Amino acid sequence: MTPHDITKLIVRTAMKDRGAFDLLYRQTSAKLFGVCLRVLRDRAEAEEALQDVYVKIWTKADRFAVSDLSPISWLVAVARNHAIDKLRARRPSGAPIDHAAEIADPKPGPESVAVMTSERRRIDECMDELDDERSAAVRGAYLSGDSYAELATRHGVPLNTMRTWLRRSLLKLRDCLER
Amino acid sequence: MSAADDNGRELTGDDALAADYVLGALDGDDRRAAARRIETDPDFARLVERWEEHMAPLAAGYEPVEPPAAVKAGLDARLFAADGATATSRGAAAPAGGLWQSLAVWRGIAAAAIAGLVLALAVPLLAPPPVDEPAGRLVASLAPQESNVHYFVVYDASTRDIGLSHVTGERDGGRDFELWVIEGDTPPASLGIIPAGSTVHLAVGEALRRKIEAGAVFAISLEPAGGSPTGQPTGPVVAAGDLRAI
């Protein structure tokens, strides 16, 4: 599946083509389940969130047409935003933020591994230009949905310092990714 | 404390808020407020989209994990259970008319199923394989213009077909929506009345095909029943959008 094929599947989904929607699910659900699991760190919640995400994709696929994002990026954004919303809506449980890898040995899904590999190399190079603690904070926020407050506690710095760190890091990252 | 980087630039105001939102670090209230702005403030929504683009490569860090099959089954039940329920109620109503009638109904369903099967077998032979389709598909989201009328449009060059997906907005009683194609400075040309329904299709003639493929704008106007009496839009434009290739 190339990005162009995924685009076609999303456009057909917008036209309420169930066959296209089923194929889109087969091609992309492993990636989006990975997103939900990483953010929610709870299998049952992640499974429910994944259903919500595909309900959104079915009902809002027409919005993709006016988006400039690549198809996979758009799908990941839908999943990530939903999972983070769910995470924030949880009652504050006081449970420690433990990034223990429930997902210790994930098997790659049937998606375009080559594209992901080259993107990953690029982002890794740019992250290497940040200092270690800051790149860990950026990854923690982006991949796991950690809030500024959680990150500040974990890294033992005031909230405003964390905000400043991250915003500076994002500027650097943007410059590097655009090079 | 400022967020200046080494060159003295800063992330400020809405740009900083958009970055915070996309990074995912806002707490619940701030996040909800930002999400509401995305829906209501197109400029802010564009800033968010730009940050989504910048940060998208970070998503390579998500390892794919196959979800259990039950998730898809549950999803289908949530989205499409209504279809199944309709079929069941139709089937349940049939025996009320007596045994023979219900047998006839079942024979009818069986015949329809066989016809459907034949079609399902024939269609892949008739239709071009999906992956080899010419890149002749254009899409447009016809966004509301001082209305709540929103359609999603796909133009397929190979079949000269326009598919319209109705998203929101109802026509006033006794009036029709008419679809127009506008290319450059030329006057709008009518593609016809949009039939009622959530997914409808319009055929495209040769002259309009060239306009569409030259990169045109689609617009929908509200017209008297049966369409514009003058051949040009007479009512308000309720939705419009430009075509882009996919």
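Helices and strands are taken here as DSSP runs, with at least four residues for a helix and at least two for a strand, numbered from the N terminus. Counted this way in the predicted model, chain B holds 6 helices and 9 strands. Chain A, in contrast, has 8 helices and 0 strands, and its order from the N terminus reads α-α-α-α-α-α-α-α.

A look at burial and at contacts along the sequence helps to introduce the two chains. In chain A, 45% of the 179 residues are buried, while for chain B the share is 28% of 246 residues. Contacts between residues at least 6 apart in sequence can also be sorted by their separation. In chain A, 66% of such contacts join residues at least 24 apart; the corresponding value in chain B is 55%.

Within chain A, a good place to begin is the pair formed by helix 2 (residues 18–40) and helix 3 (residues 43–60). Their axes come within 9 Å and cross at roughly 135°, so helix 2 and helix 3 of chain A are oblique to each other. The crossing of this pair is right-handed. On the helix 2 side, the residues that meet helix 3 are Phe21(A), Tyr25(A), Ser29(A), Leu32(A), Phe33(A), Cys36(A), Leu37(A) and Leu40(A). Their partners in helix 3 are Arg43(A), Glu45(A), Ala46(A), Ala49(A), Leu50(A), Val53(A), Tyr54(A) and Trp58(A). Sorted by class, the residues of this contact comprise 13 nonpolar, 1 polar and 2 charged.

The loop between helix 2 and helix 3 of chain A contains Arg41(A). The phi angle of Arg41(A) is near 50°, a positive value in a residue other than glycine. Is Arg41(A) buried or exposed? A residue is buried if 20 or more other C-beta atoms lie within 10 Å of its own. Arg41(A) has 20 such neighbours, and therefore counts as buried.

Chain B offers a companion case in Arg160(B), whose phi is also near 50° and positive, again in a residue other than glycine. Arg160(B) sits in the loop between strand 2 (150–156) and strand 3 (161–168) of chain B. Here the C-beta neighbours inside 10 Å number 17, so Arg160(B) is partly exposed.

Cys36(A), already met in helix 2, also appears in the largest nonpolar core. This core has 102 residues, of which Cys36(A), Val153(B) and Phe218(B) touch the most other members. Helix 2 of chain A is the element that gives the most to the core, with 11 residues. Setting aside neighbours within four places in sequence, Cys36(A) is in contact with Ala46(A), Ala49(A), Leu50(A), Val53(A), Ala79(A) and Ala83(A).

Finally, how do the chains meet? In total, 67 residues of chain A are in contact with 49 residues of chain B. Helix 8 of chain A gives the most to the side that touches chain B, with 11 residues. By class, that side of chain A has 34 nonpolar, 13 polar and 20 charged residues.

One part of this meeting can be followed in detail. The axes of helix 8 of chain A and helix 1 (residues 13–23) of chain B come within 11 Å and cross at roughly 95°, which means that these two helices are roughly perpendicular. Leu166(A), Arg167(A) and Leu170(A) in helix 8 of chain A meet Ala16(B), Ala19(B) and Leu23(B) in helix 1 of chain B. This contact has 5 nonpolar, no polar and 1 charged residues.

Key: Residues numbered from 1 in each chain as written. Chains lettered and ligands numbered in written order. Predicted model: local features only at pLDDT ≥ 70, side-chain atom pairs only at ≥ 80, totals over all residues. Axes fitted to C-alpha atoms, helices over the stretch in contact; angles between N-to-C directions. Parallel < 35°, antiparallel > 145°, perpendicular 65-115°, else oblique. Left-handed = near helix turned anticlockwise from the far one by under 90°. Contact = placed C-beta atoms within 7 Å. Nonpolar A, V, L, I, M, F, W, Y, C, P; charged D, E, K, R; others polar. Core = buried A, V, L, I, M, F, W, Y, C linked by C-beta atoms within 7 Å. Buried ≥ 20, exposed ≤ 12 C-beta atoms within 10 Å, placed from the backbone.
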